[in-house]
Amino acid sequence: MKIRTRYAPSPTGRMHVGNLRTALYAYLIAKHEDGDFILRIEDTDQGRYVDGAVDIIKRTMEATGLIEDEGPDKDKGFGPYVQSERMRAGIYNKYAQELIDRGEAYRCFCTPERLSTLTQVVDGKEISVYDKHCLHLTQEEIDRNLAEGKPYVIRQNNPTEGTTTFHDELYGDVTVDNTELDDMILIKSDGYPTYNFANVVDDHLMGITHVVRGNEYISSSPKYNRLYDAFGWDIPKYIHCPLITDEFHHKLSKRSGHSSYEDLIEQGFLPEAVVNFIALLGWSPDSDQEIFSLEELVKIFDYHRINKSPSVFDYQKLRWMNGEYLKAMDPDVFYEKAEPYLRAAIKRDLDLHKIAEMVRTRIEIFPDIAEMVSFFEEVPDYDLSLYTHKKMKTNAESSLKVLKEVLPILEAQEDYSNEALFAAIKSYVQENGYKNGYVLWPLRIAVSGRQTTPAGATEILEVLGREESVKRIKAAIEKLEG
RNA sequence: GGCCCGUUGGUCAAGCGGUUAAGACGCUGCCCUCUCACGGCAGAAUCAUGGGUUCGAGUCCCGUACGGGUCACCA
């Protein structure tokens, strides 16, 4: 049988990285077996609906390469793929009524006031278990309530004795006491289905074979199984993915600053790197390879190797991985992406291509560029102590002497290429019996004003050009004499 | 609090009864080197805990601790 998985997000805002990983795994599971990957929008909560959120989802999937085979824009006969539309088509009501007819569900007219008497607070958390009050209503009472137009919900009628077991592909069999099964709401008083109900109905109707979802649904899965059983439907394979946490081992939240895919992109990460990174959060291949394209992941992904324990989102490692992508990137593509950052930092007419290649092995994300190349624009105000370097045996005094001697050489230098410049300096070094660093160190400080730079002295001279170089060296001499 | 799930270095993780307990990020040192970075090499650092089972346990079983999830007309 062809595998069919689905990603079923709620359009409530940005795309949480945990959700993105769930989507990725669902995609990989399907594609690994050449199956279908479906996108379904679960917008049954009008209160939480955020305008434009569906677009964010679509854009994110497009950018990450998780292209769906079926979805709102690609109806292959299982549509509509948006739950509010399915609700209007009467799908959920039909199935809910079927459950009522079978005695597996019932209408509940309880008011919020009565319901609140059923809740208790434990450890600061509100807990409420429905008492099946409305299950015992007589047909007359039900008809009268209906005639009066009293609002109602439809609840699942769960047994209070025995146990229910469901099977998860990763966690194995999980058995719970039926007393734990609340009579959850299937249809809300506004007529919309709850996630719990719509999810089961749609997964069945859409022929989903593998339900991939977050760990937080594990405790409600027994109730879903009872729904499948009540309808007499085949139960899909369940794959519950572990949680992603922040460095404090708490669920990744907005506070961390990088909880959503969009946050990460805004911070300068590449979509490919993000996908690669989250693929490895909770899953590992059977080799040592760590850098994978989406195509490679499709080829080797084996969901049995998904971890059961939660994993910490390691921002450091993401940065490293992004850097790996930068280093492997085609030079033209790299330049194209780096250019806006370069232009923002450098207004002078310099060879940005050369500078781009300078920073390439030194940055992890593009925003790192700004700080790294700012000296090209302008020499920062620096301390003379920078001229002192123990290993190079330099200090302010020796630097002043060297710079004064090198200045005329550079003024006379015709060929301002890095190679020619280095050769010229080298011969000066040899004539005087110095060490390279004895000359190069002060020279680099003079033209950059920085202790560390993304290039050597002569490379910087080349990019700066003779006029600007000479100007900077003269300024340095003045500063040293000052 | 009830129920459920989890626990290998700081982090991601391999491991499926016998290993010197892989690899990666980060960290430290060395080499390379016109600084830094890249690259190369080396190093420190882990099986939560107590009982079993077994000739032998990170690997299997039970308890404990810790962490997390869940108990909504949210998904």
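This text walks through chain A and the RNA strand beside it, from overall form to single residues.

The model is predicted. Start with the whole of chain A. Its secondary structure comes to 19 helices and 13 strands. The radius of gyration is 32 Å, well over the 23 Å that the globule rule gives for 482 residues, so chain A is more spread out than a compact globule. The box around the C-alpha atoms tells its own story. Along the principal axes, that box is roughly 110 × 45 × 35 Å. How much of the chain is buried? Of the 482 residues in chain A, 34% are buried. Now look at who touches whom. Among contacts with a separation of 6 or more, 74% join residues 24 or more positions apart.

Next comes the RNA. Around RNA strand B there are 69 residues. Which of them come nearest? They are Ser128, Tyr195, Ser309, Val312 and Gly456. Several elements each give two or more residues to this surface. The helices are H5 (112-116), H12, H17 (418-432), H18 (436-448) and H19 (457-481). The strands are S5 (125-128), S8 (172-177) and S13 (311-312). Sorted by class, the surface near RNA strand B has 24 nonpolar, 25 polar and 20 charged residues.

One of those elements, helix H5, holds proline 112. Is proline 112 buried or exposed? It counts as exposed, because it has just 8 C-beta neighbours inside 10 Å and the limit for exposed is 12 or fewer. Proline 112 and isoleucine 41 are 71 residues apart in sequence. In space, their C-alpha atoms are 29 Å apart.

Move along to threonine 119. This residue lies in strand S4 (residues 119-122). Threonine 119 is exposed, with 10 other C-beta atoms within 10 Å. Setting aside residues up to four places away in sequence, threonine 119 touches Glu126, Ile127 and Ser128. Ser128 is also one of the residues that come nearest to RNA strand B. Valine 129 is ten residues from threonine 119 in sequence, and the two C-alpha atoms are 7.1 Å apart.

Now turn to helix H8 (residues 221-231). Which of its residues are buried? They are Ser221, Pro222, Lys223, Tyr224, Arg226 and Leu227. These buried residues pack against strands S6 (153-156), S7 (163-168), S8 and S11 (237-241), and against helix H7 (195-205). Strand S8 also gives residues to the surface near RNA strand B. After H8 comes glycine 232, with a positive phi near 80°.

Helix H13 (residues 331-345) lets you check a length. A helix of 15 residues, at 1.5 Å a residue, should span 21 Å. The end C-alpha atoms of H13 are 20 Å apart, which agrees. H13 also has a kink of about 45° at alanine 338, shortly before proline 340. Alanine 338 is one of the buried residues of H13, along with Phe334, Tyr341 and Leu342. What covers them? The cover includes helix H12 (315-328), helix H14 (352-360) and helix H15 (368-377).

Finally, visit some loops. Proline 80 sits in the loop between helix H2 (53-64) and helix H3 (83-88). The peptide bond that leads into it from glycine 79 is cis, with omega near -5°.

Two other loop residues have a positive phi without being glycine. Histidine 249 has a phi of about 65°. It lies between strand S12 (244-245) and helix H9 (261-266). Histidine 249 is exposed, with 10 other C-beta atoms within 10 Å. Lysine 393 has a phi near 60°. Its loop runs between H15 and helix H16 (396-412). Lysine 393 counts as partly exposed, with 13 C-beta neighbours inside 10 Å.

The last stop is arginine 305, in the loop between helix H11 (294-300) and S13. Arginine 305 is partly exposed, with 13 other C-beta atoms within 10 Å. What does arginine 305 touch, not counting residues up to four places away in sequence? Its contacts are Trp283 and Ser284. Proline 236 is 69 residues from arginine 305 in sequence, and their C-alpha atoms are 19 Å apart.

Notes. Residues are numbered from 1 along each chain as its sequence is written. Chains are lettered from A and ligands numbered from 1 in the order in which they are written. This is a predicted model: local features need pLDDT of at least 70, side-chain atom pairs count only at pLDDT 80 or more; totals for chains, interfaces and linings use all residues. Helices (H or I, at least four residues) and strands (E, at least two) are DSSP runs, numbered from the N terminus. The expected span of a helix is 1.5 Å times one less than its number of residues. The bend at a residue is the angle between axes fitted to the seven residues ending there and the seven starting there. A residue is buried if 20 or more other C-beta atoms lie within 10 Å of its own, exposed if 12 or fewer, and partly exposed in between; C-beta atoms are placed from the backbone. Two residues are in contact if their C-beta atoms, placed from the backbone, lie within 7 Å. A residue is near a molecule or strand if its C-beta atom, placed from the backbone, lies within 6 Å of it. Ala, Val, Leu, Ile, Met, Phe, Trp, Tyr, Cys and Pro count as nonpolar, Asp, Glu, Lys and Arg as charged, and the others, Gly among them, as polar. The radius of gyration is taken over C-alpha atoms; the globule rule is 2.2 Å times the number of residues to the power 0.38.
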